[in-house]
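Please open the model in your viewer and keep the sequence at hand, since this tour moves from one selection to the next. Each stop names what to pick out and then describes what is found there.

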Amino acid sequence: MDLGLDGKVAMVAAASSGLGLATAEELANEGCRLSICGRDPGRLERAVDRLRSTGAEVLARTTDVTDCADAAVWVAETAEHFRCIDILVTNCGGVSAGPPSAMTPKDFDDAFDRVLLPSINLVTAALPYLRRSRAGRILMLASEAIVRTPVHFALSGVARAGLVPYCHTLVQELSGESITVNVLAPGAHSTAIHEANRLGDHAEAIRALEDRTPARRLGDPSEFAAVAAFLASARAAYVSGALIVIDGGLSATV
């Protein structure tokens, strides 16, 4: 299937590792020109080398997306370098784990600052450029925790859930424009952090999670990335305002 992504400019936040890097790699394989960011210069440099090995044009900037001004500079530099932005993939780190009774008001404030506001700020900064695209795409990474919230994921579930009404209202505001907006909610995938947990103190919890998942395994990051690439493509022009859960059936609602 030709996704029609050749030559498109895609920004992928937090793409130095994990699902962000997998998504950037899939978009590179589909012919996208990439702008990526991450907080760790060393990991970001290694990610750039990996992406450029596919033949992709890659712009990279060390950026903390929780810093609104820093993130806006990344967007502006991307637009200046490529003269356009077609695809924005928002992504950020995690938050502390624990039951709701153990969390303070400051914990919730910090969670909103770390996982909700960065995505909104990036969209706000990139939207003027996306509106100039013939087929703008906004993909916001959330978490399966917004539809199935384990007791120790209170902060993640509550903070990330705000992306859903934000997405719905943004779709309405952009009515008639050639921009789609969707939220992706990944479950556990075999990223470096989960593989470290498998070998460490959380090995039993990872095995239990695999047993509870109908697919009987964690997801491969490339499987998540394939869904993201499709949603970023011309083939998904009629998919907008959707919450798409990618968790091997763990939070099945049908």
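Select helix 3 (residues 68–82) together with helix 4 (residues 105–130), and you will see in this predicted model two helices that pack at an angle of about 25°, with their axes 9 Å apart. Angles under 35 degrees count as roughly parallel, and helix 3 and helix 4 are therefore described as roughly parallel to each other. Their crossing is right-handed.

Now show the side chains where the two helices touch: from helix 3 these are Cys 68, Ala 71, Ala 72, Trp 74, Val 75, Ala 76 and Ala 79, which meet Asn 121, Leu 122, Ala 125, Ala 126 and Tyr 129 of helix 4. Of the residues in this contact, 11 are nonpolar and one is polar, while no charged residue takes part.

Next, move to strand 6 (residues 179–186), where eight of the eight residues are buried. Colouring by side-chain direction separates Ile 179, Val 181, Val 183 and Ala 185, which point one way, from Thr 180, Asn 182, Leu 184 and Pro 186, which point the other way, and all of them are buried.

Which strands lie beside strand 6? Add strand 5 (residues 136–141), which runs parallel to strand 6 and is joined to it by six bridges; within this pairing, look for Arg 137 opposite Thr 180 of strand 6. Then add strand 7 (residues 242–246), which also pairs with strand 6 in the parallel sense, here over five bridges, and find Val 245 in strand 7 as the bridge partner of Ala 185.

Definitions and conventions:
Residues are numbered from 1 along each chain as its sequence is written. This is a predicted model: local features need pLDDT of at least 70, side-chain atom pairs count only at pLDDT 80 or more; totals for chains, interfaces and linings use all residues. Side-chain values use heavy atoms; hydrogens and water are left out. Buried means under 20% relative accessible area, exposed over 50%, partly exposed in between (1.4 Å probe, protein chains only). Helices (H or I, at least four residues) and strands (E, at least two) are DSSP runs, numbered from the N terminus. Two strands pair if DSSP finds at least two bridges between them. Axes are lines fitted to C-alpha atoms, for helices over the stretch in contact, and angles run from 0 to 180 degrees between N-to-C directions. Angles under 35 degrees count as roughly parallel, over 145 as roughly antiparallel, 65 to 115 as roughly perpendicular and the rest as oblique. A crossing is left-handed if the near helix is turned anticlockwise from the far one by less than a right angle, and right-handed if clockwise. Contact means heavy atoms within 4.5 Å. Ala, Val, Leu, Ile, Met, Phe, Trp, Tyr, Cys and Pro count as nonpolar, Asp, Glu, Lys and Arg as charged, and the others, Gly among them, as polar.
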